[in-house]
Amino acid sequence: MTRFRNIVVGTLVAAFVAASCGGGEAGQPSAAPQTATTPSAPAATATPIDESPQPPPSPDAAEAAIGFDIDALLSKDPLVIFNAYPPKPDHITYALPPGQRDFYELWEPGAPWPTALEHVDIYRLHAFQMRHFMDDVQLTQLIDFLREREIPLMLETEPLIPPDPEECAHTESYEAPWDLEMAVRLKELGGQIDIIAIEEPYHFAHLLDTPEACQYSVERIVDEVLQHVGNLRELFGDIPVGTIEPIWASPQTDPRDMEIWLDTFEAIAGEPFAFLHVDPNWYRPDWADVAVGIEAVADARGVPFGVLYNGGTETDGLSWMNFMMANAAELEIARGATPQHVSFQSWVDW
C-alpha cells in the first residue's frame, strides 16, 4: 500500500483541474483505441516538408543547462511527471481539444497549487502544444515559471520525417521538422530542454496496419529517431532520450514488441533509452496484464518504466479523477506493478 499512497499524494498534481474548473465542454477522448493522442493539423497549416529546418550552431549547448543532475533525477522512484493542456486559441477553427481554460493560471506568481507543485519533478511539454496553442508570451511565462522553481522540462516530440504521400500516410509521430522548429523557438525564448520523450514511433511507423500505414522496418525508425535526437542535442547538449509507446487495442502492442523496440534502439544508438513510458487504452480488457509484462521487459534491461495516468473519456473533473485512480489501483494494487515514473497527463479539458 505504500506505493499506492505515493500515487495518491502525487495525484494532487492533477487535482487542481477538478478543483478549479467549474464546468466547460465535455472532454475529448484520450488514449482511445486506434486513435492518435494528439491530432495532426490540417495540411494547409503545415510548413513545407521538402526542407527540414536545421538548428543553429550551438557549440556551448552542453553548458546551457542550469545544473540539473538529470541522470540522478530519472533514477528517482517514484518520479512524478506532469503535463496539462493549454486552452484552444479562439482563432483556431479546425478540430483540436478544447484544453483546460485555467491552464495559464498555473504559471502566474502565487499560483494556487503549492501543495501539488511540491510533488512535480518534471514538466512534460508537447511540441504540438507549443505550435498550435501557445504564443511567445505564454510560452515565456511557462519557461520562466519552471526556471524559477528549478523544474526540468521534458519535450514530448514526434520524431519521424513526414513520409512521401506516394509511399504512405502521414499519421501521428511524423512531425520532426515542425517539432524542431518549436525547439529552436523555445531556445530563442530562453528555454532549455532537459529531457526528450519520443512519441510512439514504433506503433505508428511499424505496427500500424491500416491500408496506408508506412510499416517501416524498426531499423529505419531508429535511424530517423536518431537524426531528430541529434538535431535536438545540437541545440541543448547531450540530453537523455526516452520513449513513449501505447498499449492500444489495434494493433495490439505486447511485451515482445517492446523487447524488439528497446533492443534495436540500443544496438543502433549505442545507448539504451532513458525510460519507457506506456500510454494505455483503459478500455482494452488486458491492458494491465500487458503493462505488467512490459514492465518486466524494461526492468530486465535496466530501463525505468512509467505509466501515463489519465481519466480516459470521462466528461467531468471528478469522474476523470476517480477513473484515473481506479486505473492506478488496478495496476499497482491488484496486479502488483511498481512503475518508477508516474505521469499525470491530460489531452482534454479535465
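How far apart in helix α6 are R147 and D144? The two residues are three positions apart in α6 (residues 136-148), which means that about one helical turn separates them. Their side chains meet in a salt bridge (3.0 Å, N to O), a term used here for a side-chain nitrogen of Lys or Arg within 4 Å of a carboxyl oxygen of Asp or Glu. R147 is partly exposed at 37% relative accessible area, and D144 is likewise partly exposed at 29%; buried stands for under 20%, exposed for over 50%, and partly exposed for values in between (1.4 Å probe, protein chains only). Helices (H or I, at least four residues) and strands (E, at least two) are DSSP runs, numbered from the N terminus.

The model is predicted, so local features need pLDDT of at least 70 and side-chain atom pairs count only at pLDDT 80 or more, while totals for chains, interfaces and linings use all residues. Residues are numbered from 1 along each chain as its sequence is written, and side-chain values use heavy atoms, with hydrogens and water left out.

Across the whole structure, the search finds 15 salt bridges. One of them pairs R220 with E167 (3.1 Å, N to O). This pair links distant parts of the chain, with R220 in helix α9 and E167 in the loop between β3 (153-157) and α7 (176-188), 53 residues apart. R220 is partly exposed at 33% relative accessibility, as is E167 at 43%. A further salt bridge, between R256 and E259 (2.8 Å, N to O), lies within helix α10, where the partners are three residues apart, about one turn of the helix. Elsewhere, E167, R220 and E224 are joined into one network by salt bridges that share partners.

Helix α10 itself (residues 255-269) has 15 residues and reaches 21 Å from its first C-alpha to its last, close to the 21 Å expected, taken as 1.5 Å times one less than the number of residues. Its buried residues are D257, M258, W261, L262, T264 and F265. Seen down the axis, they fall within an arc of 170°, so they line one face of the helix; the arc is that of the directions from the helix axis to the C-beta atoms. Their cover includes β4 (195-199), α8 (201-207), α9 (218-236), β5 (241-247), β6 (276-280) and α11 (287-300). At the helix start, a side-chain oxygen of D254 comes to within 3.0 Å of the backbone nitrogen of R256. After α10 comes G270, with a positive phi near 75°.

W261 also belongs to the residues that touch the most other members of the largest nonpolar core, which has 101 residues; W107, W113, Y123, L125, L186 and Y309 are the others. Such a core is a set of buried Ala, Val, Leu, Ile, Met, Phe, Trp, Tyr and Cys residues joined through side-chain atoms within 4.5 Å. Leaving aside neighbours within four places in sequence, L186 is in contact (heavy atoms within 4.5 Å) with residues including L125, M130, I193 and F236.

Backbone geometry offers a few points to look at. Most residues other than glycine have a negative phi, and most peptide bonds are trans. A cis peptide bond joins D77 and P78, with omega about 0°, and another runs from S250 to P251, with omega near -10°. P251 sits in the loop between β5 and α10. E200 has a positive phi near 55° and is buried at 1% relative accessibility, whereas Q215, with phi near 50°, is partly exposed at 46%.

Technical notes
A polar contact is a pair of N or O atoms within 3.5 Å; within protein, one must be able to donate a hydrogen and the other to accept it, and residues adjacent in sequence count only if both atoms are side-chain atoms.
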